[in-house]
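Colleague: I've got the sequence and the model open side by side. Could you take me through the labels and show me what each one rests on?

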Amino acid sequence: MAPAPTVPGLTRLTTWNVFHGRGPDGRVDATRFARAVASLRADVLALQEVDRGQPRSGRLDVAALAAEAAGAARWRFVPAVIGEPGFEWRPALAADEDASDDAYGIALLSRLPVESWHVLRLAPAPFVRLPVPVPGGGVMLLRDEPRVVLAARVHTPAGPLTVASTHLSFVPGVNAVQLRRTAAWLRTLPGPAVLLGDLNLPGGLARRASGMRLLVRGVTYPSPRPRLQLDHALGQGTLPPVRRTFVRRQDVSDHLALGLDLATE
């Protein structure tokens with residue numbers, strides 16, 4: 001028998017850019033991060049900026065730690081790059097999905113049964129370096145990284161649902177093209193579908209580029225004083241009714257978590 005939803009009568013979908021588990025003190029503390037994940041009470045949790053075996057996060061497997069904290073028996077991590085983001089790296093390949101060191105990407109965790117997993121890889125912007133804010137002030141000129149979309153066909157109490165996680169480019173225009181391609185790809189998978197993630201786009205542009213519905217509104221970045229909504233839940237097809245939505249500040253990351261509760265009956 002499938003586990004009951006963590007919130008009675010509801011299925012909770014949540015997305016969170018976890019900034020590799022880093023807190024405002026600049027440290028990655030496994031206990032603090034696990035506590036923050038558990039507090040979300042998510043049935044399906046999409047994570048971005050996830051490290052596996054990176055020195056900066058103490059060689060932790062951040063996705064495995066989150067899955068244990070969330071009580072998610074079904075989960076998957078997919079790297080976008082191998083190496084240290086912002087410094088030396090190479091694009092991750094399908095053969096790298098079991099990499100235990102120097103991997104960085106996204107994850108999708110589920111407490112509910114998963115029928116199938118699907119992966120889409122997206123090319124970066126070519127020959128572009130843009131200034132990106134760094135913790136503590138200042139900016140770095142970064143080249144764009146390849147991106148990845150991870151989708152799961154999840155069996156919820158209200159019926160099957162395709163849920164996807166992604167983290168799109170910070171390069172204007174490129175992120176919109178990536179989102180259009182992602183939405184088209186999702187339409188080839190069984191519906192209905194919810195796309196969760198850090199899209200690096202405001203809500204209006206995300207809606208127009210994807211052709212999907214905005215399911216949650218609320219600013220999510222930067223965490224101390226949020227003024228932008230970069231993190232989204234987009235829906236397509238006939239979904240169960242949305243009973244409530246939320247954004248939540250944690251003591252980890254520079255993004256707020258964002259989520260929604262779907263009716264299970």
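Colleague: What makes you call E10 mostly covered?
Modeller: Seven of the nine residues of E10 are buried, where buried means under 20% relative accessible area, exposed over 50% and partly exposed in between, with a 1.4 Å probe and protein chains only. E10 is a strand by DSSP: strands (E, at least two residues) and helices (H or I, at least four) are runs numbered from the N terminus. Bear in mind that this is a predicted model, where local features need pLDDT of at least 70, side-chain atom pairs count only at pLDDT 80 or more, and totals for chains, interfaces and linings use all residues. Residues are numbered from 1 along each chain as its sequence is written, and side-chain values use heavy atoms, with hydrogens and water left out.

Colleague: How do you know that E9 and E10 pair, and in which sense?
Modeller: Two strands pair if DSSP finds at least two bridges between them. E9 and E10 have eight, in the antiparallel sense, so they qualify under that rule. One example is valine 149, whose bridge partner in E10 is threonine 166. The two strands make a hairpin, with two residues between them.

Colleague: And which way does E10 run relative to E11?
Modeller: Parallel, with six bridges joining them. Threonine 166 turns up again here, standing opposite glycine 197 in E11.

Colleague: Where do these strands sit in the sheet, and what are its edges?
Modeller: The order is E6-E9-E10-E11-E13-E12, an open sheet of six strands with mixed pairing. E6 (114–122) and E12 (213–214) are the edge strands, as each pairs on one side only. E12 runs antiparallel to E13 (residues 231–236), joined by two bridges; that meets the pairing minimum exactly. Arginine 213, for one, has glycine 235 in E13 as its bridge partner.

Colleague: Which strands does H3 lie across?
Modeller: H3 (residues 174–186) lies across E6, E9, E10, E11 and E13, at about 150 degrees to E6. For such angles, axes are lines fitted to C-alpha atoms (for helices, over the stretch in contact), and the angle runs from 0 to 180 degrees between N-to-C directions. Contact means heavy atoms within 4.5 Å. H4 (residues 203–210) lies across E12 and E13, at about 35 degrees to E13.

Colleague: Why do you say the buried residues of H4 line one face of the helix?
Modeller: Those residues are Gly203, Ala206, Ala209 and Ser210. Looking down the axis of H4, they fall within an arc of 135 degrees, so they line one face; the arc is taken from the directions between the helix axis and the C-beta atoms. Their cover includes H3, E12 and E13.

Colleague: Why does alanine 206 count as buried?
Modeller: Its relative accessibility is 0%, so alanine 206 falls under the cut-off for buried. Leaving aside residues up to four places away in sequence, alanine 206 touches Leu179, Leu199, Leu201, His232 and Leu234.

Colleague: On to the other sheet: why do E4 and E14 stand at its edges?
Modeller: That open sheet has seven strands in the order E4-E3-E5-E2-E1-E15-E14, with mixed pairing. E4 (89–91) and E14 (242–248) each have a single partner strand, so one side of each has no neighbour in the sheet. From one strand to the next, the twist averages 25 degrees. H1 packs on this sheet, touching E1, E2 (44–52), E14 and E15, with its direction at about 145 degrees to that of E1.

Colleague: How many aromatic pairs does a search of the whole structure find?
Modeller: One. Tryptophan 16 and phenylalanine 33 are 6.1 Å apart, centre to centre, with 25 degrees between the planes, and are stacked. Rings of Phe, Tyr and Trp (its six-membered ring) pair if their centres lie within 6.5 Å; planes under 30 degrees apart are stacked, over 60 edge-to-face, and the rest tilted. The pair connects distant parts of the chain, 17 residues apart: tryptophan 16 is in E1 (residues 10–17) and phenylalanine 33 in H1 (residues 30–40). Both residues are buried.

Colleague: What makes you say that the charged end of arginine 248 sits over the ring of phenylalanine 246?
Modeller: The distance to the ring centre is 4.8 Å, and the rule asks for CZ of Arg or NZ of Lys within 6 Å of that centre and within 35 degrees of the ring normal. Arginine 143 likewise lies over the face of tryptophan 89, 3.9 Å from the ring centre.
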